[in-house]
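Here is a short briefing to read with the viewer open. Take a moment to look over the chain before going through the points below.

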Amino acid sequence: PPLPLRRCILHFPEDYPTTPPTVECCTPFPHSNVVRKNGSNKLTICLDMLDPPSKSGQAYAGWSSAMTVLSILLQLQSFLFSEKLQYMDG
């Protein structure tokens, strides 16, 4: 059967693309990387690519200002709909 429709909002800070956007889920999403934000009812997506740039200088970790909106959407689509990473409600 088809997956239910999921809605997300991308919030872009004023200093984007220096700082990454945040992704808020508008509908419940059974996934290990969808978490409640700071004890509120808001669900956000937790991904390495959306973390601030790594201060350790570790290559390929965290946000890069070279990422475009299209690259963010493609990464989210491939990540969120990977059957290996979804929680399944029995």
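Among contacts in the chain between residues at least 6 apart in sequence, what share join residues at least 24 apart? The share is 41%. Please keep in mind that this is a predicted model. The chain holds one helix and four strands, and from the N terminus on these elements follow one another as β-β-β-β-α.

**The chain as a whole**

- Of the 90 residues in the chain, 26% are buried.
- About 6500 Å² of the chain is exposed, and carbon and sulfur atoms supply 57% of that area.

**The sheet**

- The four strands make an open sheet, ordered β1-β2-β4-β3, and the pairing is antiparallel.
- The edge positions belong to β1 (8–11) and β3 (34–36); each has a single partner strand, so one side of each is left without a neighbour in the sheet.
- From one strand to the next, the twist averages 35 degrees.
- If you like to go pair by pair, begin with β1 and β2, which run antiparallel and are joined by four bridges. Within this pair, H11 stands opposite T22 in β2.
- Next come β2 and β4, antiparallel as well, with two bridges joining them. Here C25 stands opposite L43 in β4.
- Three bridges connect β3 to β4 (residues 43–45), and these strands too run antiparallel. V34 has I45 in β4 as its bridge partner.
- When you inspect side chains here, a general point may help: in a regular strand they alternate between the two faces of the sheet.

**The helix on the sheet**

- Helix α1 (residues 69–80) packs on the sheet, where it touches β1, β2 (22–25) and β4.
- The direction of α1 makes about 145 degrees with that of β1.
- L73 has its place in helix α1. With a relative accessibility of 43%, L73 counts as partly exposed, because that value falls between the 20% limit for buried and the 50% limit for exposed.
- L73 and L10 are 63 residues apart in sequence, while their C-alpha atoms are 9.4 Å apart in space.

**The loop between β1 and β2**

- Which residues share a nonpolar patch on the surface? They are F12, V69 and L73, and together they have about 240 Å² of accessible area.
- F12 sits in the loop between β1 and β2, and this residue is partly exposed at a relative accessible area of 36%.
- P17 is also found in the loop between β1 and β2. The peptide bond that leads from Y16 to P17 is cis, with omega near 15 degrees, so do take a look at that bond if you plan to check backbone torsions.

**The loop between β3 and β4**

- K42 lies in the loop between β3 and β4. Its relative accessibility of 46% makes K42 partly exposed.
- Which residues does K42 contact, leaving aside its neighbours within four places in sequence? K42 is in contact with E24, V35, R36 and K37.
- K42 and C26 are 16 residues apart in sequence, and their C-alpha atoms lie 8.0 Å apart in space.

**The loop between β4 and α1**

- A61 is found in the loop between β4 and α1. Is A61 buried or exposed? A61 is buried, because its relative accessible area of 17% is under the 20% limit.
- Along the chain A61 and D48 are 13 residues apart, and 6.6 Å separates their C-alpha atoms.

Conventions. Residues numbered from 1 in each chain as written. Predicted model: local features only at pLDDT ≥ 70, side-chain atom pairs only at ≥ 80, totals over all residues. Heavy atoms only, no water. Pairing = 2+ DSSP bridges. Axes fitted to C-alpha atoms, helices over the stretch in contact; angles between N-to-C directions. Contact = heavy atoms within 4.5 Å. Patch = residues over 30% accessible without salt bridge, like charges linked within 9 Å, V, L, I, M, F, W, Y side chains within 5 Å. Areas by Shrake-Rupley, 256 points an atom, 1.4 Å probe, with all protein chains shown as cover. Salt bridge = Lys/Arg side-chain N within 4 Å of Asp/Glu carboxyl O. Buried < 20%, exposed > 50% of the residue type's maximum accessible area, 1.4 Å probe, protein only.
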